There are 2 protein chains.
Amino acid sequence: MNTATRKEEIVAVASSLFKEKGYNAVSMRDIAQEMGIKAASLYNHISGKQEILSTLILYLARKFTSGMQAVIDSGGTPLDKIKEVIEMHIDITVNHSEALAALNNDWMHLENEDLSNFVRMREDYEDNFRKIIKQGIEEGDLKPRHPEVILFSILSTLRTLYLWYQKRGKLDVNVLKKDMVAVLLEGIV
Amino acid sequence: MNTATRKEEIVAVASSLFKEKGYNAVSMRDIAQEMGIKAASLYNHISGKQEILSTLILYLARKFTSGMQAVIDSGGTPLDKIKEVIEMHIDITVNHSEALAALNNDWMHLENEDLSNFVRMREDYEDNFRKIIKQGIEEGDLKPRHPEVILFSILSTLRTLYLWYQKRGKLDVNVLKKDMVAVLLEGIV
DNA sequence: GTCTATATACGGATAGAC
DNA sequence: GTCTATCCGTATATAGAC
């Protein structure tokens with residue numbers, strides 16, 4: 001087992017604990033115990049607790065950023081792009097459901113450039129989504145609702161999907177995508 | 001300034017700090033400093049940090065519980081009731097936006113009966129909402145989508161409303177209610 | 001790569017003076 | 001009601017043996 005893999009293992013174990021209790025309530029001893037080693041041994045693989053958090057969060061933030069770029073480059077209508085964003089979020093949620101808790105709840109515990117980089121990526125992401133929505137309204141694809149309400153209604157749902165995707169068990173991903181797109185786009189009435 | 005008021009002030013100050021950094025990252029010294037006193041002085045008004053958290057969270061949880069009961073007793077159609085739930089969430093968000101962060105993110109740091117009471121209230125709340133949605137589908141008021149997708153789509157949006165209500169500034173509450181009900185019920189296409 | 005031992009800081013909370 | 005002083009537990013992190 002080489003160092004790279006061991007580091008990934010630490011990050012994975014930490015993700016799961018962060019999801020349960022949050023970054024500040026998880027100690028290095030907790031992480032070490034979960035891996036069957038002592039806390040001091042962790043420092044042979046990572047520089048400290050902060051590195052675990054930033055590795056975790058920035059990895060995911062880059063996934064969303066590149067995913068959004070792919071949507072922008074896809075060349076579809078605004079409506080197509082919104083569907084693609086929803087599907088992207090579901091894909092990332094299914095593949096990284098443990099780590100998404102830290103992204104959502106613990107990003108403010110990042111430090112220095114890690115924090116500012118994350119905040120910038122997040123703002124850019126929202127801006128790109130906002131532009132798609134506004135274009136959809138202009139072109140008449142979307143109803144003329146307040147763009148901010150549309151933006152945060154969809155984003156809130158997608159960002160907290162990780163909380164109940166697992167709880168509800170083996171929902172087929174494609175069924176989930178279809179239902180989610182339908183509910184978010186066409187409403188329920 | 002009597003004790004009751006002083007305690008409320010502590011809880012209010014703590015709410016704001018919990019929203020910024022989360023329960024575990026806020027120290028009693030932080031709270032005291034924000035109030036211009038020393039940490040030891042806080043203990044003349046509250047028994048400890050835990051009491052601040054539980055006061056805060058259970059107060060809000062009871063608000064949601066009684067609000068849901070009022071909706072159930074209102075005697076409207078399932079669709080009416082869903083609208084009332086949305087409006088109730090918006091009212092509580094507008095009046096308690098600072099404290100909602102702790103309710104959403106720090107409830108797992110409650111202890112003993114406080115924790116179990118909260119979890120039960122939350123489950124009951126979701127169950128009541130789920131029943132309304134299912135009844136709406138049965139009666140043909142709602143489209144026959146997966147009830148869980150509808151439930152969590154609406155709840156996710158409402159529960160994180162506190163995050164951006166302030167940021168977007170002086171949105172009129174009645175306009176917000178109207179837009180939110182429209183987007184969540186009728187969709188955007 | 002993991003261990004024991006330890007440095008150092010900070011957390012919640014209490015005692016007792018004013 | 002607030003203060004100073006302090007107890008005691010736990011946190012991150014490092015040093016050095018194996």
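**View 1. The annotated segment, residues 27-46 of chain A.** Over residues 27-46 of chain A, the chain is 60% helix and 0% strand, and the C-alpha atoms at the two ends of this stretch are 14 Å apart. The segment is shown because the UniProt annotation "DNA-binding region", taken from an unreviewed entry, covers residues 27-46 of chain A, and such annotations may be inferred rather than shown by experiment. The coordinates here and in the views that follow belong to a predicted model.

**View 2. Chain A as a whole.** Chain A contains ten helices and zero strands, so that, read from the N terminus on, its elements follow the order α-α-α-α-α-α-α-α-α-α, each helix being a DSSP run of at least four residues. Its C-alpha trace spans about 60 × 35 × 30 Å along the principal axes. Of the 189 residues in chain A, 49% are buried, and the accessible surface of the chain comes to about 8800 Å², with 48% of that area belonging to carbon and sulfur atoms. When contacts in chain A between residues at least 6 apart in sequence are considered, 68% of them join residues at least 24 apart. The chain carries 24 positive and 27 negative side chains, and the centres of these two sets lie 4 Å apart.

**View 3. The relation between chains A and B.** A turn of 180° with a shift of 0.0 Å along the axis lays chain B on chain A with an RMSD of 0.0 Å, which means that the two copies stand in the relation of a two-fold axis. In chain B, the C-alpha nearest this axis is that of Gly187(B), at 1.8 Å from it. The same surface serves both copies, in that 100% of the contact residues of chain B recur in chain A.

**View 4. The surroundings of Ile57(A).** Ile57(A) has its place in helix H4 of chain A, which comprises residues 49-73. With a relative accessible area of 0%, Ile57(A) is classed as buried, because that value falls under 20%. Leaving aside neighbours within four places in sequence, the residues in contact with Ile57(A) are Ala102(A), Leu103(A), Asp106(A), Trp107(A), Leu110(A) and Phe118(A). Ile57(A) and Val94(A), by comparison, are 37 residues apart in sequence, and their C-alpha atoms are 16 Å apart in space.

**View 5. The surroundings of His89(A).** His89(A) is found in helix H5 of chain A, residues 78-95, and is buried, with a relative accessible area of 3%. Not counting residues up to four places away in sequence, His89(A) touches Phe64(A), Tyr125(A), Leu155(A) and Leu158(A).

**View 6. Asn112 in the two chains.** Asn112(A) lies in helix H7 of chain A, residues 112-138, and its phi is near 55°, a positive value in a residue other than glycine. At 58% relative accessibility, Asn112(A) counts as exposed, because the value is over 50%. In chain B, Asn112(B) lies in helix H7, residues 112-138, and has a positive phi of about 50° although it is not a glycine. Asn112(B) is exposed, with a relative accessible area of 60%.

Methods: Residues numbered from 1 in each chain as written. Chains lettered and ligands numbered in written order. Predicted model: local features only at pLDDT ≥ 70, side-chain atom pairs only at ≥ 80, totals over all residues. Heavy atoms only, no water. Least-squares fit on C-alpha atoms with pLDDT ≥ 70 in both. Contact = heavy atoms within 4.5 Å. Buried < 20%, exposed > 50% of the residue type's maximum accessible area, 1.4 Å probe, protein only. Areas by Shrake-Rupley, 256 points an atom, 1.4 Å probe, with all protein chains shown as cover. Lys, Arg positive; Asp, Glu negative; His and termini not counted. Charge placed at Lys NZ, Arg CZ, Asp CG, Glu CD.
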